[in-house]
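Please work through the exercises below with the structure open beside the text. Each one sets a task and then gives a solution in steps.

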Amino acid sequence: MAGETGNLTPKVQIKGVEKVYEGRNGKVVALNGINLDIHDNEFICVVGPSGCGKSTLLNIIAGLHEATAGEVLVDGVKVEGTGVDRGVVFQQYALFPWLTVEKNVMFGLNLRKDLTKQQREEIAMKYIKMVGLEKFVHAYPKELSGGMKQRVAIARAYAVNPSLLLMDEPFGALDAQTRTQLQSELLKTWEEERKTCFFITHDVEEAIVLASKVVIMSARPGRIKEIVDIDIPYPRTQETKMLPRFTELKNYIWNMVYREYLEVQK
(Lines give C-alpha, C1' and ligand atoms only; values in the text may rest on other atoms or scores of the structure.)
Protein backbone atom coordinates (compact mmCIF):
# COMPACT_ATOMS: atom_id res chain seq x y z
CA MET A 1 0.00 0.00 0.00
CA ALA A 2 3.02 2.27 -0.14
CA GLY A 3 2.63 5.34 -2.32
CA GLU A 4 4.65 6.36 -5.35
CA THR A 5 6.03 9.87 -5.59
CA GLY A 6 6.46 10.03 -9.37
CA ASN A 7 9.15 11.95 -11.25
CA LEU A 8 8.34 15.48 -10.08
CA THR A 9 10.95 17.30 -8.02
CA PRO A 10 9.81 17.07 -4.39
CA LYS A 11 8.69 20.17 -2.52
CA VAL A 12 10.31 18.81 0.64
CA GLN A 13 13.21 16.37 0.71
CA ILE A 14 14.05 14.70 4.01
CA LYS A 15 17.35 12.91 3.62
CA GLY A 16 18.75 10.54 6.23
CA VAL A 17 17.55 12.66 9.15
CA GLU A 18 18.62 11.48 12.58
CA LYS A 19 18.07 13.12 15.95
CA VAL A 20 19.90 12.07 19.10
CA TYR A 21 19.32 13.65 22.50
CA GLU A 22 21.68 13.48 25.45
CA GLY A 23 19.69 12.29 28.46
CA ARG A 24 20.49 11.52 32.07
CA ASN A 25 20.88 7.86 31.22
CA GLY A 26 22.86 8.40 28.04
CA LYS A 27 21.89 9.00 24.45
CA VAL A 28 18.29 8.76 23.28
CA VAL A 29 17.74 8.19 19.56
CA ALA A 30 14.52 9.99 18.63
CA LEU A 31 14.82 9.64 14.83
CA ASN A 32 16.85 7.08 12.98
CA GLY A 33 17.36 7.62 9.26
CA ILE A 34 14.20 9.36 8.04
CA ASN A 35 13.89 9.60 4.26
CA LEU A 36 10.75 11.18 2.81
CA ASP A 37 9.77 13.17 -0.27
CA ILE A 38 6.75 15.47 -0.10
CA HIS A 39 5.41 16.92 -3.34
CA ASP A 40 3.58 20.15 -4.13
CA ASN A 41 -0.04 20.21 -2.93
CA GLU A 42 0.24 16.94 -1.01
CA PHE A 43 -1.50 16.64 2.33
CA ILE A 44 0.68 14.35 4.43
CA CYS A 45 -0.57 13.08 7.79
CA VAL A 46 1.84 11.40 10.20
CA VAL A 47 0.68 8.86 12.77
CA GLY A 48 2.50 6.63 15.24
CA PRO A 49 2.80 5.78 18.93
CA SER A 50 3.65 8.49 21.46
CA GLY A 51 7.36 9.19 21.60
CA CYS A 52 8.12 7.98 18.07
CA GLY A 53 9.54 11.35 16.99
CA LYS A 54 6.64 12.83 15.02
CA SER A 55 6.91 16.28 16.61
CA THR A 56 10.69 16.15 16.53
CA LEU A 57 10.57 15.62 12.77
CA LEU A 58 8.13 18.50 12.31
CA ASN A 59 10.34 20.80 14.39
CA ILE A 60 13.36 19.90 12.26
CA ILE A 61 11.42 20.72 9.08
CA ALA A 62 10.29 23.98 10.68
CA GLY A 63 13.90 24.85 11.55
CA LEU A 64 13.15 24.92 15.28
CA HIS A 65 15.46 21.96 15.97
CA GLU A 66 18.66 20.87 14.26
CA ALA A 67 19.10 17.35 12.98
CA THR A 68 22.02 15.37 14.42
CA ALA A 69 22.62 13.96 10.95
CA GLY A 70 21.03 14.31 7.52
CA GLU A 71 19.26 17.32 6.06
CA VAL A 72 15.92 18.78 5.03
CA LEU A 73 15.46 20.77 1.83
CA VAL A 74 12.41 22.91 1.02
CA ASP A 75 12.20 23.96 -2.63
CA GLY A 76 15.78 22.75 -3.01
CA VAL A 77 17.13 24.98 -0.21
CA LYS A 78 18.56 23.41 2.93
CA VAL A 79 16.63 24.27 6.08
CA GLU A 80 18.83 26.26 8.45
CA GLY A 81 16.56 27.93 10.96
CA THR A 82 13.00 29.18 10.72
CA GLY A 83 11.54 30.99 7.71
CA VAL A 84 8.32 32.55 6.45
CA ASP A 85 8.17 29.86 3.76
CA ARG A 86 6.98 27.49 6.53
CA GLY A 87 3.86 28.26 8.52
CA VAL A 88 3.54 26.37 11.81
CA VAL A 89 0.42 25.61 13.88
CA PHE A 90 0.82 23.85 17.24
CA GLN A 91 -1.70 22.12 19.51
CA GLN A 92 -1.39 25.00 21.97
CA TYR A 93 -2.56 28.14 20.24
CA ALA A 94 0.57 30.27 20.79
CA LEU A 95 -1.35 33.51 20.35
CA PHE A 96 -0.14 36.80 21.79
CA PRO A 97 -2.66 37.57 24.56
CA TRP A 98 -2.13 41.32 24.32
CA LEU A 99 -2.98 41.42 20.60
CA THR A 100 -6.43 41.31 18.99
CA VAL A 101 -7.42 38.68 16.44
CA GLU A 102 -6.49 41.07 13.64
CA LYS A 103 -3.12 41.97 15.17
CA ASN A 104 -2.29 38.30 15.83
CA VAL A 105 -2.98 37.41 12.19
CA MET A 106 -0.99 40.44 11.03
CA PHE A 107 2.03 39.57 13.18
CA GLY A 108 4.01 37.79 10.45
CA LEU A 109 2.76 40.18 7.78
CA ASN A 110 4.28 43.11 9.68
CA LEU A 111 7.71 41.73 8.80
CA ARG A 112 6.89 42.27 5.11
CA LYS A 113 8.32 45.69 4.26
CA ASP A 114 7.09 45.35 0.67
CA LEU A 115 3.47 45.66 1.83
CA THR A 116 1.65 48.81 2.91
CA LYS A 117 -0.33 48.84 6.17
CA GLN A 118 -3.55 48.74 4.15
CA GLN A 119 -2.35 45.71 2.17
CA ARG A 120 -1.41 43.88 5.36
CA GLU A 121 -4.82 44.62 6.84
CA GLU A 122 -6.57 43.41 3.67
CA ILE A 123 -4.59 40.14 3.65
CA ALA A 124 -5.27 39.58 7.34
CA MET A 125 -8.99 40.18 6.85
CA LYS A 126 -9.08 37.73 3.92
CA TYR A 127 -7.87 34.91 6.15
CA ILE A 128 -9.89 36.00 9.17
CA LYS A 129 -12.96 35.69 6.94
CA MET A 130 -11.66 32.36 5.65
CA VAL A 131 -11.83 30.93 9.19
CA GLY A 132 -15.14 32.63 9.95
CA LEU A 133 -13.97 35.13 12.58
CA GLU A 134 -14.80 38.45 10.89
CA LYS A 135 -17.11 39.33 13.80
CA PHE A 136 -14.22 38.91 16.25
CA VAL A 137 -11.57 41.05 14.56
CA HIS A 138 -11.08 43.24 17.63
CA ALA A 139 -11.46 40.49 20.25
CA TYR A 140 -8.55 39.33 22.40
CA PRO A 141 -7.60 35.64 22.86
CA LYS A 142 -9.10 35.53 26.38
CA GLU A 143 -12.48 36.32 24.80
CA LEU A 144 -12.33 33.36 22.40
CA SER A 145 -13.13 29.67 22.73
CA GLY A 146 -10.45 27.04 22.13
CA GLY A 147 -11.72 26.37 18.62
CA MET A 148 -11.75 30.06 17.78
CA LYS A 149 -8.19 30.46 19.04
CA GLN A 150 -7.07 27.64 16.77
CA ARG A 151 -8.82 29.31 13.84
CA VAL A 152 -6.77 32.45 14.54
CA ALA A 153 -3.57 30.38 14.57
CA ILE A 154 -4.49 28.79 11.23
CA ALA A 155 -5.36 32.18 9.70
CA ARG A 156 -2.01 33.58 10.90
CA ALA A 157 -0.14 30.66 9.33
CA TYR A 158 -1.94 31.11 6.00
CA ALA A 159 -1.60 34.91 5.96
CA VAL A 160 2.15 34.93 5.35
CA ASN A 161 1.56 32.78 2.23
CA PRO A 162 3.92 29.95 3.21
CA SER A 163 4.78 27.31 0.65
CA LEU A 164 4.51 24.66 3.37
CA LEU A 165 2.11 24.32 6.32
CA LEU A 166 3.31 22.35 9.35
CA MET A 167 0.63 21.35 11.86
CA ASP A 168 1.37 19.50 15.11
CA GLU A 169 -1.91 18.04 16.40
CA PRO A 170 -3.68 21.37 15.91
CA PHE A 171 -7.07 19.94 16.94
CA GLY A 172 -5.83 17.61 19.67
CA ALA A 173 -6.97 19.78 22.61
CA LEU A 174 -10.46 20.46 21.25
CA ASP A 175 -13.77 18.75 21.96
CA ALA A 176 -15.04 16.24 19.40
CA GLN A 177 -17.66 18.54 17.85
CA THR A 178 -15.25 21.46 17.40
CA ARG A 179 -12.56 19.12 16.12
CA THR A 180 -14.91 17.70 13.46
CA GLN A 181 -15.95 21.21 12.42
CA LEU A 182 -12.35 22.39 12.06
CA GLN A 183 -11.41 19.28 10.08
CA SER A 184 -14.15 20.16 7.59
CA GLU A 185 -13.04 23.80 7.45
CA LEU A 186 -9.39 22.84 6.97
CA LEU A 187 -10.32 20.46 4.15
CA LYS A 188 -12.33 23.18 2.41
CA THR A 189 -9.47 25.68 2.79
CA TRP A 190 -6.87 23.18 1.57
CA GLU A 191 -8.97 22.34 -1.49
CA GLU A 192 -9.14 26.07 -2.32
CA GLU A 193 -5.54 27.04 -1.49
CA ARG A 194 -3.75 23.71 -2.16
CA LYS A 195 -0.92 24.39 0.26
CA THR A 196 1.48 21.53 0.88
CA CYS A 197 0.64 20.24 4.38
CA PHE A 198 2.52 18.13 6.92
CA PHE A 199 0.04 17.28 9.67
CA ILE A 200 0.67 15.25 12.83
CA THR A 201 -2.21 13.48 14.55
CA HIS A 202 -2.94 10.59 16.91
CA ASP A 203 -6.38 10.19 15.34
CA VAL A 204 -6.39 7.64 12.48
CA GLU A 205 -9.85 8.76 11.29
CA GLU A 206 -8.65 12.36 11.14
CA ALA A 207 -5.60 11.31 9.14
CA ILE A 208 -7.68 9.43 6.56
CA VAL A 209 -10.26 12.22 6.18
CA LEU A 210 -7.55 14.83 5.53
CA ALA A 211 -4.57 13.15 3.92
CA SER A 212 -3.52 12.22 0.42
CA LYS A 213 -0.90 9.99 2.12
CA VAL A 214 -0.52 8.73 5.67
CA VAL A 215 2.99 8.17 7.00
CA ILE A 216 3.12 5.52 9.72
CA MET A 217 6.09 5.86 12.08
CA SER A 218 7.60 3.08 14.13
CA ALA A 219 8.22 3.04 17.86
CA ARG A 220 11.40 4.75 19.05
CA PRO A 221 13.84 5.10 17.48
CA GLY A 222 11.49 6.74 15.01
CA ARG A 223 11.57 5.40 11.47
CA ILE A 224 9.07 5.41 8.63
CA LYS A 225 7.36 2.04 8.73
CA GLU A 226 5.02 2.53 5.79
CA ILE A 227 3.43 5.17 3.56
CA VAL A 228 -0.22 4.52 2.76
CA ASP A 229 -1.97 6.14 -0.21
CA ILE A 230 -5.44 7.38 0.71
CA ASP A 231 -7.22 6.61 -2.53
CA ILE A 232 -10.54 8.22 -1.58
CA PRO A 233 -11.17 11.11 -3.95
CA TYR A 234 -11.57 14.71 -2.84
CA PRO A 235 -13.70 16.59 -1.93
CA ARG A 236 -14.20 14.70 1.33
CA THR A 237 -16.71 15.33 4.07
CA GLN A 238 -17.50 13.73 7.41
CA GLU A 239 -19.80 11.38 5.46
CA THR A 240 -16.64 9.97 3.89
CA LYS A 241 -16.20 8.04 7.14
CA MET A 242 -19.20 5.92 6.17
CA LEU A 243 -17.53 4.51 3.04
CA PRO A 244 -16.40 0.85 3.07
CA ARG A 245 -12.98 1.92 1.74
CA PHE A 246 -12.61 4.33 4.68
CA THR A 247 -13.26 1.51 7.12
CA GLU A 248 -10.77 -0.72 5.31
CA LEU A 249 -8.04 1.93 5.46
CA LYS A 250 -8.85 2.75 9.08
CA ASN A 251 -8.52 -0.88 10.16
CA TYR A 252 -5.26 -1.33 8.25
CA ILE A 253 -3.58 1.82 9.59
CA TRP A 254 -4.89 1.38 13.14
CA ASN A 255 -3.53 -2.18 13.28
CA MET A 256 -0.13 -0.99 12.06
CA VAL A 257 -0.03 1.76 14.70
CA TYR A 258 -1.23 -0.59 17.42
CA ARG A 259 1.56 -3.05 16.66
CA GLU A 260 4.05 -0.24 17.15
CA TYR A 261 2.33 0.74 20.39
CA LEU A 262 2.80 -2.82 21.64
CA GLU A 263 6.51 -2.53 20.80
CA VAL A 264 6.72 0.51 23.09
CA GLN A 265 5.22 -1.52 25.95
CA LYS A 266 7.86 -4.29 25.76
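The exercises that follow concern a predicted model, and each solution can be traced in the structure shown.

**Exercise 1. Cysteines**

Task: Establish how many disulfides the structure holds, and explain why C197 is not bonded to C45.

Solution: Begin with the count, which is zero disulfides for the structure. Next, take C45, which is in no disulfide and whose nearest cysteine sulfur, that of C197, lies 8.6 Å away. A disulfide requires two cysteine sulfur atoms within 2.5 Å, and because the sulfur of C197 is 8.6 Å from the closest cysteine sulfur, in C45, the two are too far apart for a bond. Finally, consider the surroundings of each residue: C45 is buried, with a relative accessible area of 0%, and C197 is likewise buried, with a value of 0%.

**Exercise 2. A network of charges**

Task: Determine which residues are joined with K11 into one network by salt bridges that share partners.

Solution: Side chains of opposite charge can pair when their charged atoms come close. By the rule of a Lys or Arg side-chain nitrogen within 4 Å of an Asp or Glu carboxyl oxygen, the count comes to 15 salt bridges. One of these joins D40 to K11, with the closest N and O atoms 3.9 Å apart. D40 lies in the loop between β2 (26–38) and β3 (43–47), while K11 lies in the segment before β1 (12–23), so this pair ties together parts that are 29 residues apart in sequence.

The next step is to follow K11 to another partner, D75, where the closest N and O atoms are 3.0 Å apart. This pair links distant parts of the chain, since D75 sits in the loop between β4 (69–74) and β5 (77–78), 64 residues from K11 in the segment before β1. As for accessibility, K11 counts as buried because its relative value is 9%, whereas D75, at 45%, counts as partly exposed.

A separate salt bridge can be examined in the same manner: R179 pairs with E206, the closest N and O atoms being 3.0 Å apart. R179 belongs to helix α5 and E206 to helix α6 (residues 204–210), so the pair ties together parts that are 27 residues apart in sequence. Both R179 and E206 are buried. Returning to the task, the salt bridges that share partners join K11, D40 and D75 into one network.

**Exercise 3. Empty space inside**

Task: Find which element gives the most residues to the lining of the largest cavity.

Solution: Rolling a probe the size of a water molecule over the atoms shows where empty space is left. A search of the whole structure finds one cavity of 30 Å³ or more, and the largest cavity has a volume of about 60 Å³. Its lining is made up of M130, V131, R151, I154, L182, E185, L186 and T189. The elements that give two or more residues to this lining are α4 (146–159) and α5 (176–193). Of the elements, α5 gives the most, with four residues.

**Exercise 4. A surface patch**

Task: Identify which residues form a nonpolar patch with W254 on the surface, and state in which helix L262 lies.

Solution: The patch consists of W254, Y258, Y261 and L262, which together have about 410 Å² of accessible area. Turning to one of its members, L262 lies in helix α7 (residues 244–265). With a relative accessible area of 38%, L262 is partly exposed.

Definitions and conventions: Residues numbered from 1 in each chain as written. Predicted model: local features only at pLDDT ≥ 70, side-chain atom pairs only at ≥ 80, totals over all residues. Heavy atoms only, no water. Patch = residues over 30% accessible without salt bridge, like charges linked within 9 Å, V, L, I, M, F, W, Y side chains within 5 Å. Areas by Shrake-Rupley, 256 points an atom, 1.4 Å probe, with all protein chains shown as cover. Buried < 20%, exposed > 50% of the residue type's maximum accessible area, 1.4 Å probe, protein only. 1 Å grid on protein atoms, 1.4 Å probe; cavity = no way out; pocket = protein on both sides within 12 Å on 5 of 7 lines; lining within 4 Å. Points joined across faces, edges and corners; volume = space filled by probe spheres on them.
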